[in-house]
Structures are given as C-alpha cells and as structure tokens.
Amino acid sequence: MISSIKNVRIAGVSCVVPTKSKSLYDEPNLYDGNQKKIKRIVESSGFLNRRIADENVTTSDLCYKAALDLLENCPVEKSDIDAILFVSYTPDYFMPATSYVLHNKLGLNENCICMDIPQGCSGYEVGLYQAGMLINNGCKKVLLLVGDTFSKFSDMFINKTAPVFGDAGTATLIEYSENVAPWYFSFHTDSSGYDALICENGAFRNPVRRSDFYEEGAFEYKAKMDGARVFDFTMKRIQPSIMEILKNNGISKDDIDYFVLHQANKMILQNIALALEIPLEKMPIGTMTEYGNQCGASIPCTFSKFLKKDFSSKKSRVLLSGFGVGLSWANCILDIDNIYVSELIEY
C-alpha cells in the first residue's frame with residue numbers, strides 16, 4: 001500500500017531505556033556458554049549488550065517516562081493532545097487498552113482519542129501513518145508512544161531463541177503544520193510467514209493452563225523466532241522496497257540525508273547499504289550493540305543515539321524502514337527540521 005500525507009511534522013522525540021544491561025557473554029544458555037561461538041555471533045550480528053527492564057517495570061512505564069520528558073521539553077500543553085497512540089506487543093493488560101492507562105497517568109483531557117496498535121518492528125512507521133491520518137481529520141497534536149519489553153517473554157531466553165532483544169519506550173509528538181513536505185509511505189505484508197516470530201501461549205487461541213509453566217515458575221509463552229526465515233525475508237524484501245518508494249515519489253537516494261533502519265542485525269544493515277550503493281555514514285548502525293534489538297522503538301532510539309545533533313539544528317530528509325514480525329515491512333520518507341530530541345534516558 002502506497003500513500004502520502006500532508007500537513008504533518010514531528011515536533012519532538014524522547015527515548016527511554018532501562019538501566020540494567022546484560023552482555024551476550026553472560027548468557028549461559030547461548031551455545032552452552034561457548035565463548036568462541038558467542039564472539040563470532042557478536043562480530044557478525046553486531047549484538048553485544050541489551051537493556052532489560054526490572055520485573056515490575058512495563059513498556060508503559062518506559063513510554064510514560066519518555067512522554068513526561070517530551071511534554072517538558074516541547075512547547076505543548078497536556079490539554080493540547082488530541083490523541084494518544086500506544087504501539088507495542090507488550091501491553092499492561094488485555095483489557096483495557098494501555099493507551100487508556102497512559103492517558104490517565106499523564107492527565108490528558110477528556111476530548112482525546114486513545115488507541116492501542118499491536119505492532120512490532122514496523123510499528124514506528126505504522127504509528128506515524130495513523131498519527132498523520134488523525135492530524136488530517138481534525139486532530140492538531142498526537143502523542144505517539146512506541147516500545148516493547150520483550151524480556152518479559154522469558155522463554156525466548158530460556159530456549160536460546162532470541163537473547164538479543166532489548167527493552168525501550170519512546171514518545172514522539174506529531175502536529176499539524178502547513179507548508180511542509182508530504183510524508184511518503186509504503187506498507188507490505190507477507191502473512192505466510194506470520195509464525196516466523198510468534199508468541200503462541202497466553203492469549204485466547206492457547207489460553208493459560210497450569211501445565212504452561214517452567215519448574216522455576218516462569219510462564220511458557222512459547223515465544224520463538226525462526227532467525228533463518230526472518231533473515232532470508234529481510235534480505236529479499238527490504239532493499240527493493242526502499243528503491244520502490246524512492247522511485248514512486250521521484251526522490252533520488254542522493255536526496256536522502258539518512259537511511260534510518262530498524263536495528264535488526266549489523267550484517268543485514270550493511271548488506272542493505274551495499275545493495276543500495278549508499279555510504280554507511282548515511283545509515284547509522286550501532287544502537288543494537290549497546291541496547292539490543294528494540295523492535296519498533298529502535299528507529300527513534302537511533303535518532304537519540306546518533307542523530308540528535310543534526311535533527312536538533314537543521315533540516316534532514318530521512319528514509320525510515322521497519323521490518324519483522326508479521327511478516328511485515330514499512331517505509332517512510334519525511335523531513336525532520338530543528339526538533340527536540342532527547343538523549344537516551346535511563347529509567
């Protein structure tokens with residue numbers, strides 16, 4: 001699906017990560033602690049450390065902290081927020097939507113729409129698109145909260161499936177603005193791979209049963225990732241889709257100041273840069289090394305980690321690309337011009 005949205009701009013971005021850090025070298029279940037094999041994984045994938053939320057800290061807590069920072073540092077009042085979007089696969093509850101919880105904690109006004117959007121690695125682009133549609137249908141300011149705490153899926157680490165996911169919460173303020181360049185989007189889905197990254201237990205298809213617990217008491221979510229399938233999908237789909245959105249909108253890759261991609265894997269991003277024939281200086285890589293794969297939050301966290309200075313001082317044209325669970329992939333081209341960008345805040 002190809003689309004464009006006018007009269008919208010990002011006014012600010014704030015990002016929060018937990019203080020607790022864990023290294024792949026400290027994972028006893030990863031290759032049975034074989035340090036040589038772990039070293040090869042670190043060198044090829046770019047993953048080394050990840051941030052893990054405390055047991056009593058949820059995604060909404062991280063996003064709440066990010067939202068407070070954003071509201072403090074952007075010229076906006078709480079009463080100005082017309083919509084709050086929470087994009088995550090790790091909500092507080094099945095019911096009510098976590099956006100209602102955050103609406104209450106933030107003290108937003110009654111004339112505000114709340115929406116939860118269950119999305120992962122392409123969630124930031126989906127959130128921007130939904131925010132843009134709301135802006136063009138009466139809203140003036142939208143608070144977009146994107147984050148995940150995949151460390152809560154404890155068996156993804158017990159069964160060696162994915163010791164690379166890091167927790168994070170972000171807040172982005174989107175507002176109405178005239179005389180700005182349109183945002184360009186493309187969205188794609190290959191649902192034949194829906195089970196390549198899946199949490200099978202805990203919802204209503206496979207509800208919680210007494211037998212679904214490990215001996216130490218942790219719930220067996222049966223959360224798993226088929227890394228080979230996800231890697232193959234990424235290598236085949238992402239570069240052509242980036243070239244497609246550029247061509248469809250008459251934009252040269254030379255016009256793009258930064259290609260900010262989901263921080264899925266160093267090798268994947270390097271190969272995409274090579275296929276696009278763009279210098280690595282235009283594609284920030286490294287958020288994953290210190291913070292892990294942050295799912296939908298990895299793109300705004302890369303803003304904070306690598307692009308704060310440029311985004312806060314001048315206009316930059318950026319191409320965003322998120323890809324993963326679904327299987328889904330989404331691209332967005334937009335201008336970012338003299339906005340507030342936080343440091344990566346620890347919580």
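Two strands pair if DSSP finds at least two bridges between them. Helices (H or I, at least four residues) and strands (E, at least two) are DSSP runs, numbered from the N terminus. This is a predicted model, where local features need pLDDT of at least 70, side-chain atom pairs count only at pLDDT 80 or more, and totals for chains, interfaces and linings use all residues. Residues are numbered from 1 along each chain as its sequence is written, and side-chain values use heavy atoms, with hydrogens and water left out.

**Exercise 1. The sheet**

Find how S9 is joined to S14, then place both strands in their sheet.

Solution.
- Step 1: Take strand S9 (residues 183-189) and strand S14 (residues 328-337). They run antiparallel and are joined by 6 bridges.
- Step 2: Look across from Tyr184. Ile333 in S14 stands opposite.
- Step 3: Write the strand order. The open sheet has 5 strands, S1-S9-S14-S13-S12, and its pairing is mixed.
- Step 4: Mark the edges. Strand S1 (2-5) and strand S12 (258-261) each have a single partner strand, so one side of each lacks a neighbour in the sheet.
- Step 5: Add the twist. Direction ignored, neighbouring strands of this sheet are turned by 20 degrees against each other on average.
- Step 6: Add the helix. H9 (residues 298-313) packs on the sheet and touches S12, S13 and S14. Contact means heavy atoms within 4.5 Å. The direction of H9 makes about 160 degrees with that of S12.

**Exercise 2. A residue in S13**

Is Ser316 buried or exposed, and which residues does Ser316 contact beyond its neighbours within four places in sequence?

Solution.
- Step 1: Locate Ser316. It is found in strand S13 (residues 315-324).
- Step 2: Apply the cut-offs. Buried means under 20% relative accessible area, exposed over 50%, partly exposed in between (1.4 Å probe, protein chains only). Ser316 has 1% relative accessibility, so Ser316 counts as buried.
- Step 3: List the contacts, leaving aside neighbours within four places in sequence. They are Asp257, Tyr258, Asp310, Phe311, Leu334, Asp335 and Ile336.

**Exercise 3. Two helix pairs**

Describe how H2 crosses H3, and how H6 crosses H7.

Solution.
- Step 1: Fix the geometry. Axes are lines fitted to C-alpha atoms, for helices over the stretch in contact, and angles run from 0 to 180 degrees between N-to-C directions.
- Step 2: Take H2 (residues 59-73) and H3 (residues 98-106). Their axes come within 11 Å and cross at roughly 45 degrees.
- Step 3: Classify the angle. Under 35 degrees is roughly parallel, over 145 roughly antiparallel, 65 to 115 roughly perpendicular and the rest oblique. H2 and H3 are therefore oblique to each other.
- Step 4: Name the residues. Ser60, Asp61, Tyr64, Ala67, Leu68 and Leu71 in H2 meet Thr98, Leu102, Lys105 and Leu106 in H3.
- Step 5: Turn to H6 (residues 227-248) and H7 (residues 266-276). Their axes come within 10 Å and cross at roughly 35 degrees.
- Step 6: Pick out contact residues. Among them are Phe231 and Met235 of H6, and Ile268 and Leu276 of H7.

**Exercise 4. Backbone details**

Which residues does a cis peptide bond join at Pro96, and where is Asn7 found?

Solution.
- Step 1: Check omega. The cis bond joins Met95 and Pro96, with omega about 5 degrees.
- Step 2: Place Pro96. It sits in the loop between strand S5 (83-87) and H3.
- Step 3: Place Asn7. It is in the loop between S1 and strand S2 (8-17).
- Step 4: Read phi. For Asn7 it is near 65 degrees, a positive value in a residue other than glycine.
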